[in-house]
Amino acid sequence: MSTAAMPEFPAGFRWGVSTSAYQIEGGADTDGRGTSIWDTFAHTPGRIADGSTGDVACDHYHRHAEDVALLAGLGVSSYRFSIAWPRVRPTGDGPVDPRGLDFYDRLVDDLLAHDIDPVATLFHWDLPQSLEDAGGWLNRDTAHRFAEYADATAARLGDRVKLWITLNEPFIHMSLGHATGEHAPGRTLLFDAFPVAHHQLLGHGLAVAALRTHTTSPIAIANNYSPVRPAGDSDADRAAVAAYEALHNRLFTDPLFGRGYPDELGFDTSAVRAGDLDVIAAPIDVLGVNYYNPTGVRAAQEGSPLPFELVPLEGYPRTAFDWPVAPDGLHELLGWLHRTYADDLPPIQITESGCAYDDTPDADGRVHDPERIAYLDGHLRAIHAAMADGVDVTGYFVWSLLDNWEWAEGFTKRFGLVHVDFDTQFRTPKSSYAWLRDLIARP
């Protein structure tokens, strides 16, 4: 961690933290909530590292007032949460359950009472299982059901939510959920997963239109980005980098700005119908950027079904997830977005950035996490450097407020500024919470 003082961020810069519904809410069978693909996946033996589920998670559904108090104590100006589609429309396409919207109504009002702007994500991977049974995101109809859900949600909350995010990390949901099967719903389609990409983006565009009928608040999408670095300098390695960059960084960004899909990967685009790309390119007000680490790539071995091979990057400290800690990658990424999309690019908010470490309370019950403090320090300096280069970054959201249920890793990875004892649900702010609180409170 640098010993120099953190440079000043401009007035109005948004300080926030992020969570997602299935990872923290619990209450899986409460108030009419329907079943999601993650309920099904987590209850399938062998899918989750520790055999756990999100049935209880952090019990945020019943403890949200306590968690809003933690947000207020941290001093954040914004809180990014996700709305569980199965709470609002339990079967995905059936009637709205008002009890689900009542929960988010209370949460939004509590946030506003503490001068915290609600930032709502409509889809953070918890597709209603009934829609998956009908084909999920492989089925074009799901995009229209998503727009209906967005419309119903915004009709209730659109007057108070301060930033709407349609989709969270559609690349990760496509790749891990539908190409390689490590996430729900567990499909292994490899490049045949392209319709999942297109239908998510179509759903995004349709949802933008639905949201704009109920709100004047800005609208965004949150994409996962990773700068791509070659493991060698052969022409084949450089071609592999271009292919992976097209897949990870451009597939879900080029269409937003009217550029269509990158053609480097040779996808079968028969799922794309006339007019779809215009719907997808509906103007957005903010680009959400989720950043964790760069990716190392080299040329694929002969016979590989993919045009690249992922390799570990050396020379960086590692998190408990074995991800490289590379703040320089965030600076590089922001510059790449700025150069690549130029005048098309709206203001950027870093909607996720964080790290997992094996945080445990000491004998006095305190939780010291100096590695996380160093991570935050480095990444904030990288953002400031990008802003000095002319990139319009207007906010930073830490992943995450709470230690939570970390998808296929279950309870084995801790990302929170607040430690959670998953047996007792006792919350303990870590030293990183105090560090960020003090940074936000600087005059």
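**Exercise 1. Look for disulfides in the whole structure, then work out what cysteine 58 and cysteine 355 are doing.**

Step 1. Start with the rule: a disulfide is a pair of cysteine sulfur atoms within 2.5 Å. Searching the whole structure turns up zero of them.

Step 2. Take cysteine 58, which is in no disulfide: its nearest cysteine sulfur belongs to cysteine 355 and is 17 Å away. Seen from cysteine 355, the closest cysteine sulfur is that of cysteine 58, and 17 Å is too far for a bond.

Step 3. Now check burial, where buried means under 20% relative accessible area, exposed over 50%, and partly exposed in between (1.4 Å probe, protein chains only). Cysteine 58 is buried at 0%, and cysteine 355 counts as buried at 1%.

A word on what you're looking at: this is a predicted model, where local features need pLDDT of at least 70 and side-chain atom pairs count only at pLDDT 80 or more, while totals for chains, interfaces and linings use all residues. Residues are numbered from 1 along each chain as its sequence is written, and side-chain values use heavy atoms, with hydrogens and water left out.

**Exercise 2. Describe the overall build of the protein.**

Step 1. Count the elements: there are 14 helices and 13 strands. These are DSSP runs numbered from the N terminus, with helices being H or I of at least four residues and strands E of at least two.

Step 2. Get the dimensions. The C-alpha trace spans about 55 × 55 × 45 Å along its principal axes.

Step 3. Compare with a globule. The radius of gyration is taken over C-alpha atoms, and the globule rule is 2.2 Å times the number of residues to the power 0.38. For 443 residues a compact globule would come out near 22 Å, and the protein's 21 Å agrees with that.

Step 4. Check the inside: 61% of the 443 residues count as buried.

**Exercise 3. Explore the largest pocket and say which helix gives most to its lining.**

Step 1. Know the term. On a 1 Å grid over the protein atoms alone, a pocket is an open set of points where a 1.4 Å probe fits, with protein on both sides within 12 Å along at least five of seven lines; lining residues have an atom within 4 Å of a point. A volume is the space filled by probe spheres set on the points, which are joined across faces, edges and corners.

Step 2. Read off the volume: the largest pocket holds about 1200 Å³ of space. Among its 48 lining residues, Ile172, Leu176, Tyr244, Leu310 and Trp323 are the closest to the centre.

Step 3. Find the helix. α8 provides the largest share of the lining, six residues.

**Exercise 4. Show how α8 sits in the protein.**

Step 1. Nine of the ten α8 residues are buried, including Phe171, Ile172 and His173.

Step 2. List the neighbours, with contact meaning heavy atoms within 4.5 Å. The buried residues of α8 pack against α2 (37–42), β3 (117–123), β4 (163–168), α9 (194–212), β5 and α10.

Step 3. Look just past the helix: glycine 181 has a positive phi of about 80 degrees.

**Exercise 5. Place aspartate 276 and name its contacts.**

Step 1. Aspartate 276 belongs to helix α11 (residues 276–280).

Step 2. Its relative accessible area is 3%, so aspartate 276 is buried.

Step 3. Setting aside neighbours within four places in sequence, aspartate 276 touches Arg140, His198, Leu202 and Ala271.
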